[in-house]
Amino acid sequence: MPPEGEEIVLRGLPISKGIGIGFPVFFTSTEDHFPEIAIPKKEIEFEIDRYRRALDLSRKDVETLQRLSLNDGPPEIVSILGTHLEMMQDPLLTSVIEDRIRDMQRNTESIFHHIIEEYKARFSTIKDLYFQERVRDIVDVSRRILGHLRPLEQVKMGEMAHNSIILTHELVPSETVEANASLVSAFVTAAGGITSHAAIIARAKGIPYVANVDIKNLKNVEVHSLIVDGSQGLVILNPSKGTLKKYQEIQKKHQMSYKMLKNASHLKGETIDGYEVRIFANLENPKEIDQLMKAGASGIGLFRSEYLFLSRKAFPKEEEQFTIYKQMVKSLKGKPLVIRVFDVGGDKKVDLLPTNPDAKYFDEIGHELNPALGCRAIRFLLRYPEILETQLRAILRASFYGEIHILIPMVSDVSEVRIVREKVKLIQKELKQKGIKTAKHIPIGCMIEVPSSAIMSDSLAEEVDFLSIGTNDLVQYILAADRSNTHTSELYYTTHPSILRLIRMVVASANRANKPVILCGECAADPSMIPLLIGLGIREFSVAARHIPLVKHTIRKWRILEACRLAESALEYPSAQELKQFLAEETAR
Ligand code: PEP
Ligand code: MG
């Protein structure tokens, strides 16, 4: 171990640019790993006492909940809580755990976690409903007990102290979206890929982020303060005065140049020779709508509506959705709002308590070996049409108040578009019969983000009103490189020649069908990619509001002919690495 207080520089994977200076906060999420710590024999009984206390506190929680539910809760909840109380008396949660702590001489969290995982593995293969429910109960109870064993877990992402630097195994989107950029200075994680949803949110909020850092070992180092350099992928522990000064200056420069860009964001996104490129905003949190208007957006090109579900941990009801969409479209004052129907699943998942009525959907799907290839987005919505229909009804009702477009995520076959279109038609008719007004025509588009939809873009373009290229997923599926995995980050190339060819193909399909095409993946905010994308024929981008000034600034430095020539040359390259190098050189101006 280095001497106390010495400056240590760690290298990781740069995910979100910028400099963060602050204090370490080890954040433990429910998805985190459980470190195994040896407990000396003489301390074993203290460790067991710690477990008993956590169990006791959990029991009291459930008793209180049960008392409250007796007054105004559904009877099912009262009975589930009764089962939980019984479980807490079960030998599995009393003597078995205590004996194992004694035998293994390990910390309670790791023993407890192992036993619960064993239990889950044993029973989750049994299809019987009774056993499935018991597994859900045990997971619920175990989470409650772990919460008391690890009080840190109670710290909420949205309630951090000023200048907190969050150190955690992995960030999940539902937690990242809660982070307040004026309080959280940076993120450092062990796991996480460049275009994971947590990464997208960190960038959208302007929070520097470095992944692939050994967090577990960091816990053994005394860290008083740290600097995160999200541009270079550096984490500097206990920086010296000199280092601190250097980074404070860099931070100031970044802030100043961002301010300058922002001051010019009212200008049009157009090339030197007057070709307009429209810049829309990607949005996760409806409360941030004012920011994007100030950033000079032409509207919302991608509202990731699933965040309504992720942050509430429940699917919002029709009335609530209607109110949100109506408010959003009204505040856009005539500018369009593209609502992507819930894209849940994959890495956009949440741990729902078994008592949550929406847990049934995810329980039924169960553990997926390949969630990115599983029941995600439109597949999930077509499996549970009641969720899709409720959302469509809310969208159609709100469409009366402004220009709303519907976007379907992860389309892999034209039949999915046809089903949604049919549903929209039917719901519109029903609403009309009830005297509820909607817009006459609501454009329906589909995401081009899996190989089959890119290849079939000509047929899809005939069926939809617009196409939206989602390069974050398209790259992941074309290159078979997980967007959320640190270890595949070197294989995840937006500059892969195959991606360029597909984008060219999709643009050609859209042009032939005379339909607009927008690109809303993260590469739309990358200054080394923007001229190439324009050269490939993209005339509409959708990026996080924060990136709009930089995107406009980049576009305003190019002529359309130069961009086309750049794209032509780029298409000649056979390898992603060479192409990346070429673009870096050609776009450095
Ligand atoms: C994409 O896949 O490029 C996209 C915009 O959607 P998301 O990042 O939400 O998957
Ligand atoms: Mg996607």
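Here are some questions and answers about the domains, cavities and ligand of this predicted model.

User: Let's start with the layout. Which domains does the domain assignment give the chain?

Analyst: Two of the domains are made of two stretches each: domain 1 (8–27 + 155–242) and domain 3 (258–274 + 461–589). The others are single stretches, 41–149 and 278–442. So, going by that assignment, the list is domain 1, domain 2, domain 3 and domain 4.

User: How far apart are the C-alpha centres of domain 2 and domain 3?

Analyst: Take domain 2, which is 41–149, and domain 3, which is 258–274 + 461–589. Between their C-alpha centres the distance is 50 Å.

User: What about holes inside the protein: how many cavities of 30 Å³ or more are there, and what is the volume of the largest?

Analyst: With 30 Å³ as the cut-off, the count is four cavities. The largest of them has a volume of about 70 Å³.

User: Which residues lie closest to the centre of that largest cavity?

Analyst: The lining has 15 residues, and by class these are three nonpolar, four polar and eight charged. Strand β10 (300–304) and helix α19 (471–479) each give two or more residues to it. Closest to the centre are Arg304, Arg340, Met447, Glu449 and Asn472.

User: Between which domains does the largest cavity lie, and why?

Analyst: Look at who supplies the lining: residues come from 258–274 + 461–589 and also from 278–442. Because both of those domains contribute, the cavity lies between domain 3 and domain 4.

User: And the second largest cavity: between which domains does that one lie?

Analyst: This cavity has a volume of about 40 Å³. Its lining is Val177, Ile201, Ala204, Lys205, Glu284, Asn285 and Glu288, which splits into three nonpolar, one polar and three charged residues. Both 8–27 + 155–242 and 278–442 give residues to this lining, so the cavity sits between domain 1 and domain 4.

User: Now the ligand. Which residues are closest to ligand 1?

Analyst: There are 16 residues around ligand 1. The closest are Arg304, Arg340, Gly470, Asn472 and Arg483.

User: How much of the accessible area of ligand 1 does the protein cover?

Analyst: Start with the polar side-chain atoms: one of Arg304 is 2.7 Å from an oxygen atom of ligand 1, and one of Glu449 is 3.0 Å from an oxygen atom of the ligand. For Arg483, a side-chain N or O atom is 2.8 Å from a ligand oxygen. On its own, ligand 1 has 290 Å² of accessible area, and the part covered by the protein is 100%.

Conventions:
Residues are numbered from 1 along each chain as its sequence is written. Chains are lettered from A and ligands numbered from 1 in the order in which they are written. This is a predicted model: local features need pLDDT of at least 70, side-chain atom pairs count only at pLDDT 80 or more; totals for chains, interfaces and linings use all residues. Side-chain values use heavy atoms; hydrogens and water are left out. On a 1 Å grid over the protein atoms alone, a cavity is a set of points where a 1.4 Å probe fits but cannot get out, and a pocket is an open set with protein on both sides within 12 Å along at least five of seven lines; lining residues have an atom within 4 Å of a point. Grid points are joined across faces, edges and corners, and a volume is the space filled by probe spheres set on the points. Helices (H or I, at least four residues) and strands (E, at least two) are DSSP runs, numbered from the N terminus. Ala, Val, Leu, Ile, Met, Phe, Trp, Tyr, Cys and Pro count as nonpolar, Asp, Glu, Lys and Arg as charged, and the others, Gly among them, as polar. A residue is near a molecule or strand if one of its heavy atoms lies within 4 Å of it. A polar contact is a pair of N or O atoms within 3.5 Å; within protein, one must be able to donate a hydrogen and the other to accept it, and residues adjacent in sequence count only if both atoms are side-chain atoms. Accessible areas come from the Shrake-Rupley method with a 1.4 Å probe; for residues, only the protein chains shown count as cover.
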